[in-house]
Amino acid sequence: MESCIINTPLGYTKITGDSNGICNITVLNSKEEATNIIPQPLQECACQLHDYFQGKRSHFHLKLNPKGTPFQKTVWKALLNIPYGKTISYLELSRQLGDEKAIRAVASANGKNPIWIVIPCHRVIGSDGSLTGYAGGLHRKQWLLEHESPYKQQALF
């Protein structure tokens, strides 16, 4: 398993994976040194994340290999279907998965998503439109949703 650390607008980010795919992308809450040489299996991921943050990419094309339970993997797969610039509620996601009563389990699996941004758990919000729970911090969730929004805030002055 190889890893690297890249700098993003939301902080230093650790990417872990190998030839079988990306296993983990995590934003770090501590200041780290960016990796000078990115291992070959992680180069495309680092490049695509860079493009995403520059506004040049709205879809990722990466081989993913997240570790989790079968239920978690089902939820994470469903998250991949949420379009760029759109949001859905935890209840809607539960309904899409066939059981609205599983909302807490779906929310828990969403919160354990190991592949930040690429599996877009930040696009899931509360039924009332609120930004609820986000492992990377609500300020990052808000930034990501604003970054993906087709409606950009204009400066008043």
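**Exercise 1. Ser94**

Task: In this predicted model, decide whether Ser94 is buried or exposed, then place it and list its distant contacts.

Solution:
- Step 1. Take the relative accessible area of Ser94, which is 0%.
- Step 2. Apply the cut-off: buried means under 20%. Ser94 is therefore buried.
- Step 3. Find its element. Ser94 sits in helix α3.
- Step 4. Set aside neighbours within four places in sequence. Ser94 then contacts Asp99, Glu100, Ala102, Ile103 and Val106.

**Exercise 2. The active-site annotation**

Task: Locate the residue that the UniProt record annotates as "active site", and describe its surroundings.

Solution:
- Step 1. Read the record. The annotation, from an unreviewed UniProt entry, covers Cys121.
- Step 2. Place the residue. Cys121 belongs to the loop between α4 and β5.
- Step 3. Check burial. The relative accessible area of Cys121 is 7%, so this residue is buried.
- Step 4. Collect contacts, leaving aside neighbours within four places in sequence. Cys121 touches Leu79, Asn110, Asn113 and Tyr134.

**Exercise 3. Asn110, a contact of Cys121**

Task: Follow Asn110 from its helix to its partners.

Solution:
- Step 1. Asn110 is in helix α4.
- Step 2. Its relative accessible area is 5%, so Asn110 counts as buried.
- Step 3. List the partners of Asn110 beyond four places in sequence: Val75, Leu79, Tyr90, Cys121 and Val124.
- Step 4. Take one of them, Leu79. Asn110 and Leu79 are 31 residues apart along the chain, with 8.3 Å between their C-alpha atoms.

**Exercise 4. Packing of α2 against α4**

Task: Classify the crossing of helices α2 and α4, then describe the contact by residue and by class.

Solution:
- Step 1. Fix the spans. Helix α2 covers residues 70-79, and helix α4 covers residues 103-111.
- Step 2. Get the geometry. Their axes come within 9 Å and cross at roughly 80°.
- Step 3. Classify. Angles of 65 to 115 degrees count as roughly perpendicular, so α2 is roughly perpendicular to α4.
- Step 4. Name the residues. Helix α2 contributes Phe71, Gln72, Val75, Trp76 and Leu79. Helix α4 contributes Ala105, Val106, Ala109 and Asn110.
- Step 5. Sort by class. The contact holds 7 nonpolar residues, 2 polar residues and no charged ones.

**Exercise 5. The nonpolar core**

Task: Describe the largest nonpolar core and say which elements build it.

Solution:
- Step 1. Recall the background. In soluble globular proteins, nonpolar side chains tend to be buried together.
- Step 2. Count. The largest nonpolar core has 34 residues.
- Step 3. Pick out the residues with the most contacts inside this core. They are Ile15, Ile25, Leu49 and Trp116.
- Step 4. Assign elements. At least two core residues come from each of β1 (2-8), β3 (21-27), α1 (40-53), α2, α3 (90-96) and α4.
- Step 5. Rank. Helix α1 gives the largest share, 6 residues.

**Exercise 6. Two isoleucines in loops**

Task: Where do Ile117 and Ile37 lie, and is each buried or exposed?

Solution:
- Step 1. Ile117 is in the loop between α4 and β5. Ile37 is in the loop between β3 and α1.
- Step 2. The relative accessible area of Ile117 is 2%, so Ile117 is buried.
- Step 3. For Ile37 the value is 70%, and exposed means over 50%. Ile37 is therefore exposed.
- Step 4. Check the backbone of Ile117. Its phi is near 70°, a positive value in a residue other than glycine.
- Step 5. Span the model from Ile37. Ile37 and Leu97 are 60 residues apart in sequence and 40 Å apart in space, C-alpha to C-alpha.

**Exercise 7. Sequence separation against distance**

Task: Set out sequence separation and C-alpha distance for the pairs Gln43 with Cys4 and Gly111 with Gln54.

Solution:
- Step 1. Gln43 is in helix α1. Its relative accessible area of 42% makes Gln43 partly exposed.
- Step 2. Gln43 and Cys4 are 39 residues apart along the chain, and their C-alpha atoms are separated by 9.3 Å.
- Step 3. Gly111 is in helix α4. With a relative accessible area of 48%, Gly111 is also partly exposed.
- Step 4. Gly111 and Gln54 are 57 residues apart in sequence, and 26 Å apart in space, C-alpha to C-alpha.

**Exercise 8. The annotated domain**

Task: Describe the span of the UniProt domain annotation.

Solution:
- Step 1. The unreviewed UniProt entry gives "domain: Methylguanine DNA methyltransferase ribonuclease-like" for residues 6-65.
- Step 2. The end C-alpha atoms of residues 6-65 lie 20 Å apart.
- Step 3. This span is 23% helix and 30% strand.

Terms used:
Residues are numbered from 1 along each chain as its sequence is written. Side-chain values use heavy atoms; hydrogens and water are left out. Axes are lines fitted to C-alpha atoms, for helices over the stretch in contact, and angles run from 0 to 180 degrees between N-to-C directions. Helices (H or I, at least four residues) and strands (E, at least two) are DSSP runs, numbered from the N terminus. Angles under 35 degrees count as roughly parallel, over 145 as roughly antiparallel, 65 to 115 as roughly perpendicular and the rest as oblique. Contact means heavy atoms within 4.5 Å. Ala, Val, Leu, Ile, Met, Phe, Trp, Tyr, Cys and Pro count as nonpolar, Asp, Glu, Lys and Arg as charged, and the others, Gly among them, as polar. UniProt positions are given in the numbering used here, feature names are shortened, and annotations may be inferred rather than shown by experiment. A nonpolar core is a set of buried Ala, Val, Leu, Ile, Met, Phe, Trp, Tyr and Cys residues joined through side-chain atoms within 4.5 Å. Buried means under 20% relative accessible area, exposed over 50%, partly exposed in between (1.4 Å probe, protein chains only).
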